[in-house]
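Biologist: Before we discuss anything, please put the sequence and the structure where I can see them, and explain each term when you come to use it.

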Amino acid sequence: MALPQEKQESYTLADALTWDERDRIELIDGEPYMFATPSRRHQDISGVIYQQLWDFLKDKPCKIYFPPFAVRLFEQKEDRPWDVDTYVEPDITVVCDPEKLDDLGCRGAPDLIVEVLSPSTRRHDRITKYGLYQRAGVREYWIVDPETKTAESFVLEDGHLNPRDLKQDGESMEVSVLEGCVIDLTRVFQM
């Protein structure tokens with residue numbers, strides 16, 4: 001089922017579970033946000049980052065996921081779907097605490113989230129999601145920009161996502177929360 005024609009005051013995960021799975025919808029503070037299908041370049045860039053992270057995490061306890069994968073940032077263990085009014089589907093999610101994983105996705109803040117900017121999500125990823133991820137306690141957040149061929153990392157310190165690194169095509173960037181993990185941006189932007 002697609003989003004209802006008549007708008008409600010607020011939606012929850014219980015509502016979202018009835019929507020068409022093919023629709024790209026996130027729910028933020030009860031408000032649904034629909035997104036266009038990502039471009040081929042967006043998918044290529046996400047795929048190369050995912051592959052490098054996957055290779056690094058092989059045989060390690062942390063797990064990596066791509067959409068559709070519901071990250072219910074503020075959900076507590078005792079919450080039910082009608083209690084949850086926020087979930088996002090990041091381009092890449094890394095979770096190191098297996099207690100946070102269930103059949104729907106991740107309950108609580110992941111360790112690493114990567115968002116690849118698209119024209120339709122640029123502002124949303126930089127402002128709205130940045131604020132959500134900071135408030136939820138995501139340990140590290142990357143914003144990858146295909147237009148400028150840059151990657152920015154932000155690391156949670158004292159409750160704030162602070163800028164850690166800004167790298168561009170031809171360089172490599174360390175993942176702060178995964179000791180020894182380095183992403184080769186030359187491979188990322190060669191697509």
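Modeller: A residue counts as buried when its relative accessible area is under 20%, as exposed when that area is over 50%, and as partly exposed in between, with a 1.4 Å probe and protein chains only. What you see is a predicted model, in which local features need pLDDT of at least 70 and side-chain atom pairs count only at pLDDT 80 or more, while totals for chains, interfaces and linings use all residues. Residues are numbered from 1 along each chain as its sequence is written, and side-chain values use heavy atoms, with hydrogens and water left out.

Biologist: Which residue has its backbone nitrogen 2.9 Å from a polar atom of the Glu140 side chain?

Modeller: Glu140 sits in strand β9, residues 140–145 (strands are DSSP E runs of at least two residues and helices H or I runs of at least four, numbered from the N terminus). Although buried, Glu140 has no salt bridge, and the nearest side chain of opposite charge, that of Arg164, is 6.9 Å away (a salt bridge needs a Lys or Arg side-chain nitrogen within 4 Å of an Asp or Glu carboxyl oxygen; Lys and Arg count as positive, Asp and Glu as negative, and His and the chain ends are not counted). Leaving aside residues up to four places away in sequence, Glu140 touches Asp111, Leu112 and Phe154, among others (contact means heavy atoms within 4.5 Å). The backbone nitrogen that lies 2.9 Å from a polar atom of the Glu140 side chain is that of Val177.

Biologist: Which element gives the most to the largest nonpolar core?

Modeller: That core has 26 residues, and those with the most contacts inside it are Leu53, Leu112, Val144, Val175 and Leu178 (a nonpolar core is a set of buried Ala, Val, Leu, Ile, Met, Phe, Trp, Tyr and Cys residues joined through side-chain atoms within 4.5 Å). Two or more residues come from each of α2 (40–57), β5 (92–95), β8 (112–116), β9 and α4 (185–189). With 7 residues, the element that gives the most is α2.

Biologist: How many residues does the other core have, the one that lies apart from it?

Modeller: This other core includes Val88, Cys106, Val138 and Phe154. Its number of residues is 19.

Biologist: What is the relative accessibility of Leu53?

Modeller: Leu53 is found in helix α2, and its contacts beyond four places in sequence include Ile64, Ile92, Leu112 and Cys181. Leu53 counts as buried because its relative accessibility is 1%.

Biologist: Which cysteine is joined to Cys62 by a disulfide?

Modeller: The structure holds 1 disulfide (a pair of cysteine sulfur atoms within 2.5 Å). The pair links distant parts of the chain, 34 residues apart, with Cys62 in the loop between α2 and β3 (63–65) and its partner in the loop between β5 and β6 (101–102). The link is right-handed, with 105° about the S-S bond. At an S to S distance of 1.9 Å, the residue joined to Cys62 is Cys96.

Biologist: How far is the sulfur of Cys106 from the closest cysteine sulfur?

Modeller: Cys106 counts as buried, at 0% relative accessibility. The closest cysteine sulfur is in Cys96, and this is too far for a bond because the distance is 10 Å.

Biologist: Which residue holds the cysteine sulfur nearest to that of Cys181?

Modeller: Cys181 is in no disulfide. Cys181 is buried, with a relative accessible area of 2%. At 9.9 Å away, the nearest cysteine sulfur is that of Cys62.

Biologist: Which residue meets Glu115 in a salt bridge of 2.8 Å?

Modeller: A search of the whole structure finds 15 salt bridges. Glu115 in strand β8 pairs with a residue of helix α3 (residues 122–136), so the pair ties together parts that are 14 residues apart in sequence. Both partners are buried, and the one that meets Glu115 is Lys129.

Biologist: Which residue meets Arg126 in a salt bridge of 2.7 Å?

Modeller: Arg126 lies in helix α3 and its partner in strand β10 (residues 150–157), so parts 26 residues apart in sequence are tied together. Arg126 counts as partly exposed, at 31% relative accessibility. The partner is buried, with a relative accessible area of 16%, and is Glu152.

How values were computed:
A polar contact is a pair of N or O atoms within 3.5 Å; within protein, one must be able to donate a hydrogen and the other to accept it, and residues adjacent in sequence count only if both atoms are side-chain atoms.
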